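These are my notebook entries on a structure that I had not examined before. I record what I looked up, entry by entry.

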Amino acid sequence: MLKSAGCTFDDVVDVTTFHTNPAAQWEAVNAIRMKEIGEPPYPNWTAVGVNWLAGFDFEIKVIARLPQST
C-alpha cells in the first residue's frame, strides 16, 4: 500500500501494532521493525495487546506522509 501511494517506510510517521500475545510476539516484531524501518528518526510506535483480531494474531496500521511532488 505504501508503494501504491508513492511512499516508502521513510515516509511513515506513526505505527500502531495490535498483538494477541504481545510477550510472545514482540521479539519477532521488533527484529522486523529494526530491519524495515531503518535509521533514525524512527516513527512513533504504539503496541496494543488485544484479545481478538478476526482470525489474525497480529495487525499493523501505519500513517505515512505523502512525499512532496517536484
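Helices (H or I, at least four residues) and strands (E, at least two) are taken as DSSP runs and numbered from the N terminus. Under that scheme I located Glu36 in helix 1.

Basis of the entries. I am reading a predicted model, in which local features need pLDDT of at least 70, side-chain atom pairs count only at pLDDT 80 or more, and totals for chains, interfaces and linings use all residues. Residues are numbered from 1 along each chain as its sequence is written, and side-chain values use heavy atoms, with hydrogens and water left out.

Confidence. I looked up pLDDT, the predictor's confidence in each residue, from 0 to 100. The chain has a mean of 88, and 97% of its residues reach 70 or more. Among the elements, strand 2 (residues 44-49) has the highest mean pLDDT, 94, and helix 1 the lowest, 89.

Core. I then turned to the largest nonpolar core (buried Ala, Val, Leu, Ile, Met, Phe, Trp, Tyr and Cys residues joined through side-chain atoms within 4.5 Å). Seven residues form this core: Leu2, Cys7, Val12, Val15, Val29, Ile37 and Trp45. Strand 1 (12-19) and helix 1 (22-37) are the elements that give two or more residues to it. I note the general tendency that, in soluble globular proteins, nonpolar side chains are buried together.

Contacts. I counted a contact where heavy atoms lie within 4.5 Å. With neighbours within four places in sequence left aside, Trp45 touches Val15, Thr17, Trp26, Val29, Arg33, Ile37 and Ile60. I made the same search for Thr16, a residue of strand 1. Again without neighbours within four places, Thr16 is in contact with Thr46, Val48, Glu59, Ile60 and Lys61. For burial I used relative accessible area: buried is under 20%, exposed over 50%, and partly exposed in between (1.4 Å probe, protein chains only). Thr16 counts as buried, at 11%.

Salt bridge. How many salt bridges (a side-chain nitrogen of Lys or Arg within 4 Å of a carboxyl oxygen of Asp or Glu) are there in the whole structure? My search found one. The side chains of Asp11 and Arg65 form a salt bridge at 3.6 Å, N to O. The pair joins distant parts of the chain, 54 residues apart: Asp11 is in the segment before strand 1, and Arg65 in the segment after strand 3 (58-64). Asp11 is buried at 8% relative accessibility, whereas Arg65 is partly exposed at 45%.

Pocket. On a 1 Å grid over the protein atoms alone, a pocket is an open set of points where a 1.4 Å probe fits, with protein on both sides within 12 Å along at least five of seven lines; lining residues have an atom within 4 Å of a point. Grid points are joined across faces, edges and corners, and the volume is the space filled by probe spheres set on the points. The largest pocket has a volume of about 170 Å³. I found that helix 1 gives the most to its lining, with five residues. Among the lining residues are Phe9, Phe58, Val62 and Glu36. Glu36 is partly exposed, at 39%.

Loop and tail. Ala54 lies in the loop between strand 2 and strand 3. I noted its positive phi of about 40°, although Ala54 is not a glycine. Ala54 is exposed, at 51%. Gln68, in the segment after strand 3, is exposed at 78%.
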